[in-house]
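I opened the notebook and set out to go through this model strand by strand. Entries follow in the order I looked things up.

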Amino acid sequence: MAESLEQVFSVLRETILRSASVMDVATDEPGNVVLKACWSEPGKKEPAWFGAVQIKKNYVSYHLMPLYALPALLDSVPVDLQKRMQGKSCFNFKKIELDLFEALERLTATCADIYSKPISATPHS
């Protein structure tokens, strides 16, 4: 039996909260969790956006903004996980895939470690 999107969200929510525990939880509601860094981008008042897990119509999205802000991090994305990428910083899932989720957890921890201190980013053009 296939998992519901709520079940997929629940596993991914725990993944991002566990592996990015140094980030601040900005939103945590059914179907949507958003994490922000503890520092603000130059010229902005809001904390830098770190990532999110959100239920969409047909999948669950897992966003990691450090992949956009620091393109060199893309080299650390495993090939199997790259197949789930949508755009430059988002991964989409319809079912629980433990091997991919473990790789995503390691990637998230790496991103959180880097984002735990203010960065100077050069985003994709």
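How many bridges join strand 5 to strand 6? I found two, and the strands run antiparallel. I took strands (E, at least two residues) and helices (H or I, at least four) as DSSP runs, numbered from the N terminus. Two strands pair if DSSP finds at least two bridges between them.

**Ground rules.** I am working on a predicted model, where local features need pLDDT of at least 70, side-chain atom pairs count only at pLDDT 80 or more, and totals for chains, interfaces and linings use all residues. Residues are numbered from 1 along each chain as its sequence is written, and side-chain values use heavy atoms, with hydrogens and water left out.

**Confidence.** I checked pLDDT, the predictor's confidence in each residue from 0 to 100. The chain averages 92, and 94% of the residues score at least 70. Among the elements, strand 4 has the highest mean, 98, and helix 2 the lowest, 93.

**The sheet.** I traced an open sheet of six strands with antiparallel pairing, in the order 1-2-3-4-6-5. Strand 1 (24–29) and strand 5 (85–86) are its edges, each pairing on one side only. On the strand 5 side, I noted methionine 85 opposite phenylalanine 91 of strand 6.

**Strand 4.** I looked at both partners of this strand. Strand 3 (residues 47–55) is joined to strand 4 by five bridges, in the antiparallel sense. A hairpin of four linking residues connects strand 3 to strand 4. Strand 6 (residues 90–93) also pairs antiparallel with strand 4, over four bridges. Valine 60 stands opposite isoleucine 55. Valine 60 also stands opposite phenylalanine 93 in strand 6.

Is strand 4 buried or exposed? I used relative accessible area: buried is under 20%, exposed over 50%, partly exposed in between (1.4 Å probe, protein chains only). Five of the five residues (60–64) are buried, so strand 4 is largely enclosed by the rest of the structure. Val60, Tyr62 and Leu64 point one way; Ser61 and His63 point the other.

**The loop before it.** I stopped at asparagine 58, in the loop between strand 3 and strand 4. Asparagine 58 is partly exposed, at 49% relative accessibility. I counted contact as heavy atoms within 4.5 Å. Beyond its neighbours within four places in sequence, asparagine 58 contacts Leu5 and Lys94. Its C-alpha lies 9.5 Å from that of asparagine 92, 34 residues apart along the chain.

**The core.** I then looked for nonpolar cores: sets of buried Ala, Val, Leu, Ile, Met, Phe, Trp, Tyr and Cys residues joined through side-chain atoms within 4.5 Å. The largest has 36 residues, and Phe91, Phe93 and Tyr115 have the most contacts inside it. Elements that each supply at least two residues include helix 1 (5–19), strand 2 (32–40), helix 2 (66–69) and helix 4 (98–115). Helix 4 gives the most, with eight residues.

I followed phenylalanine 93 further. Phenylalanine 93 is buried, at 0% relative accessibility. Leaving aside neighbours within four places in sequence, its contacts include Leu5, Val8, Leu12, Val60, Tyr62 and Leu104.

Threonine 15 in helix 1 was my next stop. Threonine 15 is buried at 2%. Not counting residues up to four places away in sequence, threonine 15 touches Tyr62, Phe101 and Glu105.

**Rings.** I paired rings of Phe, Tyr and Trp (its six-membered ring) with centres within 6.5 Å; planes under 30 degrees apart are stacked, over 60 edge-to-face, the rest tilted. I found three aromatic pairs. Phenylalanine 93 and phenylalanine 101 are edge-to-face, 4.9 Å centre to centre with 90° between the planes. Phenylalanine 101 is buried too, at 3%. Ring pairs also link Trp39, Phe50 and Tyr115 into a cluster.

**Cysteines.** How many disulfides does the structure hold? I found zero, taking a disulfide as two cysteine sulfur atoms within 2.5 Å. Why is cysteine 38 without a bond? Its closest cysteine sulfur, in cysteine 111, is 15 Å away, too far for a bond. Cysteine 38 is exposed, at 51%. Cysteine 90 is in no disulfide either, with the nearest cysteine sulfur, that of cysteine 111, 13 Å away. Cysteine 90 is buried, at 9%.
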